[in-house]
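Hi,

Here is the structure I said I would pass on. Have a look at it first, and then read my notes underneath.

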Amino acid sequence: MKKSTSERELEDYICEHPKEAFGDGAEIVGRQISVKHGRLDLLVWDDEFGSICVAELKITQITPKDVAQTLRYFFDVWHTLAGVMVDGLQSYQMDVAYTTEWQRVFEPSWNGLTDGRMEATIVGPSIERNALAAALGAGCRVILWDHEDGAFSFRYGPTFLDEKRDNDTPLWAQNIEELALRFCDREKQSARDELEHHTELIAKLLNEEAT
C-alpha cells in the first residue's frame, strides 16, 4: 500500500541505499550542501564510471521550476569544480591519458552526448510534460521514485524516444537540414582542397630533392 512520504524520508533512504537510485558505483559525497544559489540535496560520486551527480529531490510532481532549480545548483557545483580541475592540471604531473580522464570527470555530460561525466539529476514521483522537455533539453537526467510498503523503488524517467514523432517534417526543420547539408558539402570540399594543396607541396619538395 502506498503511503505519503517526506523529502527527509526520501533523502534518508537514498543515503542509506544510494546504489538503488544512482547505480552500483554510487556513494554519497554530501547532503544539504550550501551552494551559491541555495542548498543542494545530494552530491553523488559514481566510482564505477568516475562521474559526479548533482541531485535534487522532490516529493511532488516535478515542474519546470524544479528543473531550473536543479540546473542552477548544477552550475554552482560545476563552477567550483572547474577550478579544482584547472588547479589539478597545474599541480599534478599527468600524462596525456591521465589528463583526458581528469578533465572528463569535471566536465558536463549533457545527457551522455559529450565525453564529460558530470550530470544534473532530478528525482521525483512524476514529471510534467513541459518539465520533461526542459530537463532533456538541458541534459538533466530524470529519475522517478515510487514508495510502497515502506520502501522506495527507482527507475529512469521517460525520454522523447518514448513519444511518437510526427511523420511530416516541418518546414523549419527541412530548412535546417538543407543548411546543414550545404555546410557539410562546403567543409568536405575545403578538406579536399587542403589535401590537394598538401599533396602538391609534397610533390614539389620531392621534385626539388630529386634535382
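In the hairpin of β2 and β3, 4 residues sit between the strands, and G50 there takes a positive phi near 65 degrees. Keep in mind throughout that this is a predicted model. The two strands on either side of that turn run antiparallel and are joined by 5 bridges. If you want one pair to click on, try L43, whose bridge partner in β3 is V54.

β3 (51–57) is worth a longer look. How many of its residues are buried? The count is 7 of 7, so the strand is mostly covered, taking buried as under 20% relative accessible area. S51, C53, A55 and L57 point one way from the strand, while I52, V54 and E56 point the other way, and all are buried. β3 also pairs with β4 (118–124): those two run parallel, with 6 bridges between them. In that pairing E56 stands opposite I122 of β4.

Going back towards the N terminus, β1 (residues 26–35) pairs with β2 (38–46) in the antiparallel sense, over 8 bridges. A hairpin of 2 residues joins β1 to β2, and S34 stands opposite R39 in β2. There is something to check in β1 too, since that is the strand in which Q32 lies. Phi of Q32 is near 50 degrees, which is positive even though the residue is not a glycine. Q32 is partly exposed, at a relative accessible area of 32%.

D149 is another residue other than glycine with a positive phi, in this case near 55 degrees. You will find D149 in the loop between β5 and β6, where it counts as exposed at 62% relative accessibility.

Now the helices. In α1 (residues 7–16), the buried residues are L10, E11, Y13 and I14. Why do they end up on the same side of α1? Around the helix axis they cover an arc of only 165 degrees, and that puts them on one side. On the other side of α1, R8 and E16 are exposed. The cover over the buried residues of α1 includes α2 (18–22), β1, β2, β3, β5 (140–148) and β6 (151–156).

α4 (residues 96–106) can be read in a similar way. W102, V105 and F106 are buried there. Seen down the axis of α4, these buried residues fall within an arc of 90 degrees, so they line one face of the helix. As a reminder of the geometry, an α-helix has 3.6 residues a turn, so residues three or four places apart point the same way. V96 and A97 are exposed on the other side of α4. What do the buried residues of α4 pack against? Their neighbours are β2, β3, α3 (64–91) and β4.

In α3 itself, have a look at T70. Is T70 buried or exposed? T70 is buried, with a relative accessible area of 1%. Leaving aside residues up to four places away in sequence, T70 touches V54, E56, A120, T121, I122 and C140. Two of those will be familiar by now: V54 is the bridge partner of L43, and E56 stands opposite I122 in β4.

Just past α3, in the loop that leads to α4, is D95. At 49% relative accessibility, D95 counts as partly exposed, since exposed would require over 50%. If you want a sense of distance, D95 and E178 are 83 residues apart in sequence and 43 Å apart in space, C-alpha to C-alpha.

Last, the largest pocket. The space in it comes to about 260 Å³. It is lined by 19 residues, and D46, F49, S51, E119 and R141 lie nearest its centre. Which strands each supply at least two residues of the lining? Those are β2 and β3, the strands joined by the hairpin where G50 takes its positive phi. By class, the lining has 8 nonpolar, 5 polar and 6 charged residues.

That covers my notes. Over to you!

Note on methods
Residues are numbered from 1 along each chain as its sequence is written. This is a predicted model: local features need pLDDT of at least 70, side-chain atom pairs count only at pLDDT 80 or more; totals for chains, interfaces and linings use all residues. Side-chain values use heavy atoms; hydrogens and water are left out. On a 1 Å grid over the protein atoms alone, a cavity is a set of points where a 1.4 Å probe fits but cannot get out, and a pocket is an open set with protein on both sides within 12 Å along at least five of seven lines; lining residues have an atom within 4 Å of a point. Grid points are joined across faces, edges and corners, and a volume is the space filled by probe spheres set on the points. Ala, Val, Leu, Ile, Met, Phe, Trp, Tyr, Cys and Pro count as nonpolar, Asp, Glu, Lys and Arg as charged, and the others, Gly among them, as polar. Buried means under 20% relative accessible area, exposed over 50%, partly exposed in between (1.4 Å probe, protein chains only). The arc is that of the directions from the helix axis to the C-beta atoms. Contact means heavy atoms within 4.5 Å. Two strands pair if DSSP finds at least two bridges between them.
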